[in-house]
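User: I am new to this structure and would like to go through it with you. Could you show it to me and explain the terms as we go?

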Amino acid sequence: MGRVGRHLIGRLGPTGLADDELEVDIVVGQTCHHATTALGIDIGGSGIKAGIVCGQCGRLVSQRTLMPTPQPATPDLVAAVVADIVGAQAWQGPVGVTFPGLILDGVAIVGVNLDPAWRGRDVAALLSSDRVKATVLNDADAAGLAEARFGAARGVAGVVIVLTFGSGIGSAMLLDGRLIPNAELGHLELDGEDVQDLAAAASKDKYHLSFEQWAARVEHYLTFVEFLFSPKLFVLGGGISQDHDQWLPYLHLRTPFKPAELRNDAGIIGAAMAALDGQVKAPA
Ligand code: BGC
């Protein structure tokens, strides 16, 4: 892809965050004709990332925009940032949004890393407007969809489990490339504890573990998950997958495993795919 211009397309509104100018690099794909695109928005604990994604090849066809997640990350403040991103893009097409917690038919059941006010909120309705309908799904589910379609799990038949190691552990279960949403395997109980507290990437820092020590916990966890589900493949993602050469060599499992391929963009890409293919319900 080549970048052909940098265009000021909007100015952020009164979200209390900034009145920065929002610019987008317009990129033209050499083999991507962008026939079908969706705006993907990835809501994280510290940042909200967004980009326009090609439905055919999964490439970002705009620059990734990054906004800080408002603090406190209340529904109204986050919704204002999302509205600004959509407005700045003058976007009217499909919009997919990730959420770092359980989402059932667009409604937040638990928002572990966000403000408690999210619990029970119809997030899909909150983030939709007259112009756009937002499809909302769990952040790890989005990463899983993206890896299944365009990344490390592409073309793998049977059960694939994608795990994201970050401040928590997110999980996506896929069967023949289709998502089984809200698996929440990061909250399995292992040795009497919520495994997220033992083996998230954040625990490596919290307990001052070396990669080898942390990988031993991850191996213990994955051995349990493979006993329960006998997947065909584990895809291991999250920020720490960038350093996969430092910890994957310590893992010994009967299940094949691979690092995630789409890295930081997996959430944006998966959200856009969910909006395009309707695997996850959007508001009527
Ligand atoms: C939440 C998951 C989420 C993961 C990563 C966990 O604490 O329960 O829903 O996918 O964190 O954000």
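**A walk through the model**

Analyst: Happy to, and please keep in mind that this is a predicted model. Let's begin with P72, found in the loop between β5 (65-68) and α1 (75-88). The peptide bond leading from Q71 to P72 is cis.

User: What makes the bond from Q71 to P72 cis?

Analyst: Its omega angle is near 0 degrees, and the bond is cis.

User: What is noted about the phi of D176?

Analyst: D176 is not a glycine, although its phi is positive, about 50 degrees. You will find D176 in the loop between β11 and β12 (178-180).

User: Which residues are the closest to the ligand?

Analyst: They are N138, D139, E184, H187 and Q196, and the ligand is surrounded by 12 residues. A residue belongs here if one of its heavy atoms lies within 4 Å of the ligand.

User: How do you know that D139 makes a polar contact with the ligand?

Analyst: The cut-off for a pair of N or O atoms is 3.5 Å. A polar side-chain atom of D139 lies 2.5 Å from a ligand oxygen atom, so the pair counts as a polar contact. For Q196 the distance to an oxygen atom of the ligand is 2.7 Å, and for N138 it is 2.9 Å. The protein buries 93% of the 310 Å² that the ligand exposes when taken alone.

User: Why is the ligand said to lie between two domains?

Analyst: Because domain 1 (4-141 + 265-277) and domain 2 (152-261) both give residues to the shell around the ligand, the ligand lies between them. Among the elements, α3 (139-150) and β11 (169-175) each supply at least two shell residues.

User: How many shell residues are nonpolar, polar and charged?

Analyst: Four are nonpolar, six polar and two charged.

How values were computed: Residues numbered from 1 in each chain as written. Predicted model: local features only at pLDDT ≥ 70, side-chain atom pairs only at ≥ 80, totals over all residues. Heavy atoms only, no water. Polar contact = N/O pair within 3.5 Å; in protein donor to acceptor, adjacent residues only side chain to side chain. Areas by Shrake-Rupley, 256 points an atom, 1.4 Å probe, with all protein chains shown as cover. Helix = DSSP H or I, 4+ residues; strand = E, 2+ residues; numbered from the N terminus. Nonpolar A, V, L, I, M, F, W, Y, C, P; charged D, E, K, R; others polar. Domains from an automatic or database assignment.
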